[in-house]
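Student: Please give me a close look at one charged side chain in this model and the partner that goes with it. I would also like to see how that spot fits with the rest of the chain, told as one connected story.

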Amino acid sequence: MDIPGFISTILWPIKWVVEGLLVLFHTVLTGLGMDPAEGLTWVLSIVGMVLVIRAALIPIFVRQIKSQRKMLEVAPQLKKIQDKYKGKKDQFSREAMSRETMELYKKTGTNPLSSCLPLLLQMPIFFSLFSVLNDAQKGTAGVFWLNSDLALQFGNAKLFGVAPLHESFQQATVTGDVAVMIIAVIMVVLMTGSQFITQLQIMSRNQSPEAKNSPMFKQQRILLYILPLVFAFSGFSFPLGVMFYWLTSNFWTMGQQFLVIRNMPTPGSEAAKAREMRLAKKGKLNIATAADGTVNHVVLEAPKTTQRQQPVGKTRAKKQGEKK
């Protein structure tokens, strides 16, 4: 089986869309008077393309959040099943535990794969983005919209007329291009910082006390420091054009994560308590407090209707009662 050819066939329609957006933004910016061969025009085209694609992925992201939330809700019941069969390694016990687990998933409408599926769906999209940008910077034509002339123009484009978009920090150390090295260092710092802040938001504010005591939380703490280091080291080998893609995507993720944690926090987390306090100040929640002043119970009030109730006659009211 020709695996590279198979992957190329799968990614073809995604690349078609990615190239279409990139060329569309480049055409619009050129129509507004920007130089088509200038690096800034291509950088802004990359930014526009990333923003459109990330906005289109919002429904998938929201579905992922809901799936993860459902898994958190059934976690206590799942742990009971695991504790029930803890230490029992015979085939009968394993089958029984598997059966009860599947029954729980079916009963609650949850599926562990459903929280991972949106992430898996995003991988081909981001791989296509990277592939299109990387090939274009080498002057290689795309699958449709990015013809050889545009690809060559992109490959030769220089940011502010001094920093070629196809050049990386490593290449700049050989050619002695100081402008590329300075821009690359600034972008790596921004990429590393945005990645760290995004992960820190999740770790510090959007985890329930139960989650913070789990082994998975310890793994996440390790990733909190490892992932930025990965960006820091690998970023120096990325061409500038690809780095602009990663940086834009990182900033989008950081902003999106901030809004999700603020408006859809994990129940029991510090972010959830902060949201409850904000809603209480707006009069949308009643919060019962203990004698020591700590919040111990929250009741969601039904929304008050402002529509005036029309008087109903006895005969009509009787008919409405019969319908109910």
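Tutor: Happy to. Two residues are in contact here when heavy atoms of one lie within 4.5 Å of heavy atoms of the other. With that in hand, let's go to Glu-100, keeping in mind that this is a predicted model. Setting aside residues up to four places away in sequence, Glu-100 touches Ile-81, Lys-84 and Tyr-85.

Glu-100 belongs to helix α4. One of its contacts, Lys-84, is also its salt-bridge partner, with the closest N and O atoms 3.1 Å apart. The bridge ties distant parts of the chain together, since Lys-84 sits in helix α3 (residues 58–84) and Glu-100 in helix α4 (residues 91–108), 16 residues apart. A C-alpha distance gives a second view of this spot: Glu-100 and Leu-78 are 22 residues apart along the chain, and their C-alpha atoms are separated by 9.1 Å.

How buried or exposed are the two partners? Glu-100 has a relative accessible area of 22% and is therefore partly exposed, because the buried class ends at 20%. Lys-84 is partly exposed as well, at 47%. That value is over the 30% required for a surface patch, but patch members must have no salt bridge, so Lys-84 is left out.

This pair deserves your attention for one more reason: the structure holds one salt bridge, and that bridge is the one between Lys-84 and Glu-100.

For a contrast, look at another glutamate, Glu-19, in helix α1 (residues 3–31). Glu-19 is buried yet has no salt bridge, and Lys-15, the nearest side chain of opposite charge, is 6.7 Å away. A salt bridge needs a nitrogen and a carboxyl oxygen within 4 Å. Beyond its neighbours within four places in sequence, Glu-19 is in contact with Val-132, Gly-142, Val-143, Phe-144, Trp-145 and Leu-146.

Two of those contacts, Phe-144 and Trp-145, turn up again on the surface: together with Trp-12, Trp-16 and Val-17 they form a nonpolar patch with about 500 Å² of accessible area. Val-17 comes from helix α1. Its relative accessible area is 44%, so Val-17 counts as partly exposed.

Now back to helix α3, the helix that supplies Lys-84. Ile-65 has its place in helix α3 too, but Ile-65 counts as buried because its relative accessibility is 10%. Ile-65 touches Val-260 and Met-264, not counting residues up to four places away in sequence. Ile-65 and Val-260 are 195 residues apart along the chain, with their C-alpha atoms 8.7 Å from each other.

That leads us to helix α11, where Gln-256 lies. Gln-256 is buried, at 12% relative accessibility, and its contacts outside the four-place window are Arg-54, Ile-58 and Phe-61. Arg-262 lies in helix α11 (residues 240–263) as well, but its 37% relative accessibility makes Arg-262 partly exposed. On the surface, Arg-262 gathers with Arg-275, Lys-282 and Lys-284 in a patch of positive charge.

One backbone detail is also worth a visit. Phe-160, found in the loop between β1 (158–159) and β2 (163–164), has a positive phi of about 55° although it is not a glycine. Phe-160 is exposed, at 58% relative accessibility. Its C-alpha atom is 10.0 Å from that of Thr-41, with their positions 119 residues apart in sequence.

Finally, here is the frame around these local views. The protein has 13 helices and four strands, and 35% of its 324 residues count as buried. Among contacts between residues at least 6 apart in sequence, 65% join residues at least 24 apart. The accessible surface comes to about 20200 Å², with 64% of that area belonging to carbon and sulfur atoms.

Technical notes:
Residues are numbered from 1 along each chain as its sequence is written. This is a predicted model: local features need pLDDT of at least 70, side-chain atom pairs count only at pLDDT 80 or more; totals for chains, interfaces and linings use all residues. Side-chain values use heavy atoms; hydrogens and water are left out. Patches are made of residues with over 30% relative accessible area and no salt bridge: like charges are joined within 9 Å, nonpolar side chains (Val, Leu, Ile, Met, Phe, Trp, Tyr) within 5 Å. Accessible areas come from the Shrake-Rupley method with a 1.4 Å probe; for residues, only the protein chains shown count as cover. Lys and Arg count as positive and Asp and Glu as negative; His and the chain ends are not counted. The place of a charge is taken as NZ of Lys, CZ of Arg, CG of Asp or CD of Glu. Helices (H or I, at least four residues) and strands (E, at least two) are DSSP runs, numbered from the N terminus. Buried means under 20% relative accessible area, exposed over 50%, partly exposed in between (1.4 Å probe, protein chains only).
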